[in-house]
Amino acid sequence: QVRLEESGGGLVQPGGSLRLSCAASGSIFSVDAMGWYRQVPGKQRELVATISSGNRGGINYADSVKGRFTISRDNTKNTLQMNSLKPEDTAVYYCKAVVRTAWYTTNSDYWGQGTQVTVSS
C-alpha cells in the first residue's frame, strides 16, 4: 500500500505564509507527478500546483496562485510554499501522487487525507 502524509496546514492572517509538506511511503517502485489540490464545501476539487519527476521537473500552477505559491520536490516528498495568502485560499488541501508500485504495474493516483488551510484575520 501507498500512503501520503501531509503536514503544515493551519490558520494564518491575510498576507501571511504557510508551508505544506507531503511524503509518500509504502510499496513504491517510482513516483511520477506529485501535486496539490484544494477543495471548499460545495465546490469541485481544483488543481493548485503539480510537479513532474526527475530532470523534466515540469511545474504547473493554477492562475490564481501563480507568483505566490512555489512547489518543490525531493524524490518522494514535495513542499508547497504559500506566500501572500488570501482569504480565498481557504480550503482543504490534498496531496496527490502518481505512483507505480512495481515495475510491471501502471501508474495509479494516491491521495492524502487533506489538511485545512484557513486564511482569516
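Reader: Where in the chain is Arg68 found, and what makes the neighbouring segments strands?

Author: Arg68 is found in the loop between strand 6 (59-61) and strand 7 (69-74); strands are DSSP runs of E with at least two residues, helices are runs of H or I with at least four residues, and both are numbered from the N terminus. This is a predicted model, in which local features need pLDDT of at least 70 and side-chain atom pairs count only at pLDDT 80 or more, while totals for chains, interfaces and linings use all residues. Residues are numbered from 1 along each chain as its sequence is written, and side-chain values use heavy atoms, with hydrogens and water left out.

Reader: Why is Arg68 called buried?

Author: Buried means under 20% relative accessible area, exposed over 50%, and partly exposed in between, with a 1.4 Å probe and protein chains only; Arg68 has 10% relative accessibility and therefore counts as buried.

Reader: How do you know that the side chains of Arg68 and Asp89 make a polar contact?

Author: The two side chains approach to 2.7 Å, and a polar contact is a pair of N or O atoms within 3.5 Å, where within protein one must be able to donate a hydrogen and the other to accept it, and residues adjacent in sequence count only if both atoms are side-chain atoms.

Reader: Why is the pair of Tyr37 and Trp111 called edge-to-face?

Author: The structure holds two aromatic pairs. In this one the ring centres of Tyr37 and Trp111 lie 5.1 Å apart with their planes at 65°, so the pair is edge-to-face: rings of Phe, Tyr and Trp (its six-membered ring) pair if their centres lie within 6.5 Å, and planes under 30 degrees apart count as stacked, over 60 as edge-to-face and the rest as tilted. The pair links distant parts of the chain, with Tyr37 in strand 4 (residues 30-39) and Trp111 in strand 10, 74 residues apart.

Reader: What makes Tyr37 buried and Trp111 partly exposed?

Author: Tyr37 has a relative accessible area of 15% and is therefore buried, whereas Trp111, at 37% relative accessibility, counts as partly exposed.

Reader: Why are Trp103 and Tyr104 also called an edge-to-face pair?

Author: Their ring centres are 5.5 Å apart and their planes stand at 90°, so this pair is edge-to-face. Trp103, at 60% relative accessibility, counts as exposed, and Tyr104, at 61%, likewise counts as exposed.
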